[in-house]
Amino acid sequence: MHWLYLFVAGLFEISWAVGLKFSHGFSQFLPSFITVVCMILSFYFLALALKSLPLGTAYAIWTGIGTIGTVLFGIILFKEPISIMRFTCIALIILGITGLKLLTH
């Protein structure tokens, strides 16, 4: 269950990172409100996951999920550049996350 909490925390991290872009520096009320709610939920689910998962592993996976998601949403929503090197870096993050998950008991 704690791995599921960590995954949900990562999804909320993606949501608040994308929400920051839509909030225009917290100048737009609704996107700002949604961003703050997603931040709170992200930290809440991370805290639940940390009850049984190692700190370093959980934090690295949480930020990895957020990094991968925000890069992909940046490409899709904000037309950020796509390159082989960007996808290579994403693949390395996925490899690191997978390794940490497999090494955690």
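These legends walk through several close-up views of one predicted protein model.

The model is predicted, so local features need pLDDT of at least 70 and side-chain atom pairs count only at pLDDT 80 or more, while totals for chains, interfaces and linings use all residues. Residues are numbered from 1 along each chain as its sequence is written, and side-chain values use heavy atoms, with hydrogens and water left out.

**View 1. The whole protein, with its 4 helices and 0 strands.**
Read along the sequence, the pattern is α-α-α-α. Helices and strands here are DSSP runs numbered from the N terminus, with helices being H or I of at least four residues and strands being E of at least two. The C-alpha trace spans about 45 × 35 × 15 Å along its principal axes. Of the 105 residues in the protein, 31% are buried (buried means under 20% relative accessible area, exposed over 50%, and partly exposed in between, with a 1.4 Å probe and protein chains only). Among the contacts with a separation of 6 or more, 66% join residues 24 or more positions apart; contact means heavy atoms within 4.5 Å.

**View 2. Confidence along the helices.**
The protein has a mean pLDDT of 95, and 99% of its residues reach 70 or more. This score is the predictor's confidence in each residue, from 0 to 100. Among the elements, helix H2 (residues 29-49) has the highest mean pLDDT, 98, and helix H4 (residues 84-103) has the lowest, 92. A useful habit for any model: where pLDDT is low, the predicted coordinates should not be read in detail.

**View 3. Helices H1 and H2, side by side.**
The axes of H1 and H2 are 7 Å apart, and the two helices pack at an angle of about 160 degrees. That makes H1 roughly antiparallel to H2. Axes are lines fitted to C-alpha atoms, for helices over the stretch in contact, and angles run from 0 to 180 degrees between N-to-C directions. Angles under 35 degrees count as roughly parallel, over 145 as roughly antiparallel, 65 to 115 as roughly perpendicular and the rest as oblique. H1 passes H2 in a left-handed crossing (left-handed if the near helix is turned anticlockwise from the far one by less than a right angle, right-handed if clockwise). Sorted by class, their contact has 16 nonpolar, 7 polar and 1 charged residues. Here Ala, Val, Leu, Ile, Met, Phe, Trp, Tyr, Cys and Pro count as nonpolar, Asp, Glu, Lys and Arg as charged, and the others, Gly among them, as polar.

**View 4. From the end of H1, through the loop, into H2.**
Start at Ser 23, which is found in helix H1. With a relative accessible area of 0%, Ser 23 is buried. Leaving aside residues up to four places away in sequence, Ser 23 touches Gln 28, Pro 31 and Ser 32. His 24 sits in the loop between helix H1 (2-23) and H2, and its relative accessibility of 54% makes it exposed. Phe 26 lies in that loop between H1 and H2 too, but is partly exposed, at 46%. Look also at the backbone: phi is near 50 degrees for His 24 and near 60 degrees for Phe 26, in each case a positive value in a residue other than glycine. Phe 29 belongs to helix H2 and counts as exposed at 66% relative accessibility. The C-alpha atoms of Phe 29 and Tyr 59 are separated by 29 Å, with their positions 30 residues apart along the chain.

**View 5. Helices H3 and H4 in contact.**
The axes of helix H3 (residues 55-78) and H4 come within 10 Å and cross at roughly 155 degrees. H3 and H4 are therefore roughly antiparallel to each other, and their crossing is left-handed. By class, this contact has 13 nonpolar, 3 polar and 2 charged residues. On the H3 side, the residues include Ala 60, Ile 61, Gly 64 and Ile 65, and on the H4 side Arg 86, Phe 87, Ile 90 and Ile 97 are among them.

**View 6. A closer look at Ile 65.**
Ile 65 is in helix H3 and counts as buried, at 15% relative accessibility. Which residues does Ile 65 touch, not counting those up to four places away in sequence? They are Leu 6, Phe 7, Gly 10, Leu 11, Ile 14 and Ile 97. Measuring from C-alpha to C-alpha, Ile 65 and Ile 75 are 16 Å apart in space and 10 residues apart in sequence.
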